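Colleague: I'm new to this one, so could you walk me through it? Put it on screen and start with whatever vocabulary I'll need.

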Amino acid sequence: MSYSRVAGTGRYLPERIMTNADLEKIVDTSDEWIRTRTGVERRHICAPDQTVSQMCIEAAKIAMDAAGVTADDIDMVITGTTTPDLIFPNVSTIIQHELGIPACTAFSLEAACTGFIYALSTADKFIKAGESKCALVMGAECITKLVDWKDRNTCVLFGDGAGAVVLKPSDEQGIVSCHLGADGQYKDLLYYPVGASNNLAAAGTPAANIMMTGNEVFKVAVQTLGRIASETLEKAGVSKEELDWLVPHQANIRIIQAMAKRLNLPMEKVIVTVQDHGNTSAASVPMALDVGVRDGRLKRGQLILMEAFGGGFTWGSVLMRL
Ligand code: UT7
């Protein structure tokens, strides 16, 4: 078995939907500004008592069902998230226990919006090394719990949700290559100023808002994603023409359009969910993947490029055959 391959996908979105019209009532913004600058039309917002583990469990059940696996089959759980239930234990252990998965390797990692790509790449290595036979990999976020609903610069952008995949060894080509990167010099352009060992007392106060210099982030995101898309294809010896689909991080429709242009892909070959989900950080790529799989656009054997970019900055791409 020389590849790891996605055996099933799933997603969960919280019930409550907040539209741009709803936001117009709480901050000085307009549906027109939000749609034209970001592409977002609505987003799902988790309930005050809802956690990342609860959302992951729902997404995981659907992915496990699609993959035809039970809790007993899973031997590894990895979750990419910046908004885990607790500082510890790590959220994957909560998910493992609640799903009835026998004791196994379970950890979470935080790479902001790139969390799922980092998690998937990690699981791919474990499977290729023969150390996992069935990995549950998730990207999930209750990011709106970090949002200051009085700050129009950020509150219109984000949404909550969870996406999951089951990854298994395969003789047929699955994940072709993964490329991860990060550069901490950009920390101040996008961060949340509270952590377990720094400024914890500010949690829940106005000082604890998502800090983002949006237009600077935008520029570096477009440059970096364009570069890694080219590098990914080059290293895999794949031409742009061979690519069937782009499944990008859903931060801004203008970034997604720039990526499609760079890859010579018509927008019909790009899975776009930003209008319905907003920026769900680590959840955005696995949820977009699931949307494409379930509506029948993404088919077995097709070549798909997934990519993400987020705070850190972190970035990454996964080229795979579904
Ligand atoms: O997922 C992780 C990575 N994150 C990203 O990739 C996000 C990247 N950045 C972006 O998507 C865009 O920069 C934003 C959507 C955040 C902002 O769009 P922009 O075109 O870069 O706008 P801007 O920040 O340059 O602001 C333009 C104007 C400003 O007004 P002035 O100074 O020109 O008078 C803002 O105050 O738009 C104003 N503005 C708003 N107006 C109405 C900012 N937010 C809003 C708003 N409603 N919600």
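Modeller: Let's start with burial: a residue is buried at under 20% relative accessible area, exposed at over 50%, and partly exposed in between, using a 1.4 Å probe and protein chains only. S281 is buried, since its relative accessible area is 2%.

Colleague: Okay. Is this a predicted model, or what is it?

Modeller: It's a predicted model, so local features need pLDDT of at least 70 and side-chain atom pairs count only at pLDDT 80 or more, while totals for chains, interfaces and linings use all residues. Residues are numbered from 1 along each chain as its sequence is written, and side-chain values use heavy atoms, leaving out hydrogens and water.

Colleague: Back to S281, then. Where is S281?

Modeller: S281 is in the loop between α9 (274-277) and α10. Those labels are DSSP runs numbered from the N terminus: helices are H or I with at least four residues, strands are E with at least two. S281 isn't a glycine, yet its phi is positive, about 55 degrees.

Colleague: Which other residue has a positive phi although it's not a glycine?

Modeller: A112 does, with a phi of about 50 degrees. You'll find A112 in the loop between β5 (105-109) and α5 (115-128). At 17% relative accessibility, A112 counts as buried.

Colleague: While we're on backbone quirks, which residues are joined by a cis peptide bond?

Modeller: F88 and P89 are joined by one, with omega about 0 degrees. P89 sits in the loop between β4 and α4. Another cis peptide bond joins G312 and F313, where omega is about -5 degrees. F313 belongs to the loop between β12 and β13 (314-321).

Colleague: Changing topic: how many salt bridges are there?

Modeller: The count is 16, where a salt bridge means a side-chain nitrogen of Lys or Arg within 4 Å of a carboxyl oxygen of Asp or Glu. One of them pairs the side chains of E172 and R5, 3.5 Å from N to O. E172 is in the loop between β7 (161-170) and β8 (175-182) while R5 is in strand β1 (residues 3-12), so this pair ties together parts that are 167 residues apart in sequence.

Colleague: And is E172 buried or exposed?

Modeller: E172 counts as exposed because its relative accessibility is 52%. Its partner R5 counts as buried, at 14%.

Colleague: Got another bridge for me, say with R11?

Modeller: Sure. R11 and D290 meet through their side chains in a salt bridge, 2.7 Å from N to O. R11 lies in strand β1 and D290 in helix α10 (residues 284-294), so the pair ties together parts that are 279 residues apart in sequence.

Colleague: Which other side chain does D290 meet in a salt bridge?

Modeller: That's R294, again 2.7 Å from N to O. D290 and R294 are both in helix α10, four residues apart, about one turn of the helix. Put together, R11, D290 and R294 form a network of salt bridges.

Colleague: How well covered is D290 in that network, buried or exposed?

Modeller: D290 is buried, with a relative accessible area of 1%. R11, at 27% relative accessibility, counts as partly exposed, and R294, at 44%, counts as partly exposed too.

Colleague: Now the ligand. Which residues come nearest?

Modeller: There are 24 residues around the ligand, and T29, R37, H249, N252 and N279 come nearest. A residue counts as near if one of its heavy atoms lies within 4 Å.

Colleague: Which elements supply at least two residues each of that shell?

Modeller: α2 (31-38), α6 (152-155), α7 (214-236), α8 (253-262) and β12 (303-310) do. The largest share, four residues, comes from α7.

Colleague: What about polar contacts? Which polar backbone atom is 2.9 Å from a ligand nitrogen?

Modeller: One belonging to R152; a polar contact here is a pair of N or O atoms within 3.5 Å. (Within protein, one atom must be able to donate a hydrogen and the other to accept it, and residues adjacent in sequence count only if both atoms are side-chain atoms.) G214 has a backbone N or O atom 3.0 Å from a nitrogen atom of the ligand. N215 brings in a polar side-chain atom, 3.3 Å from an oxygen atom of the ligand.
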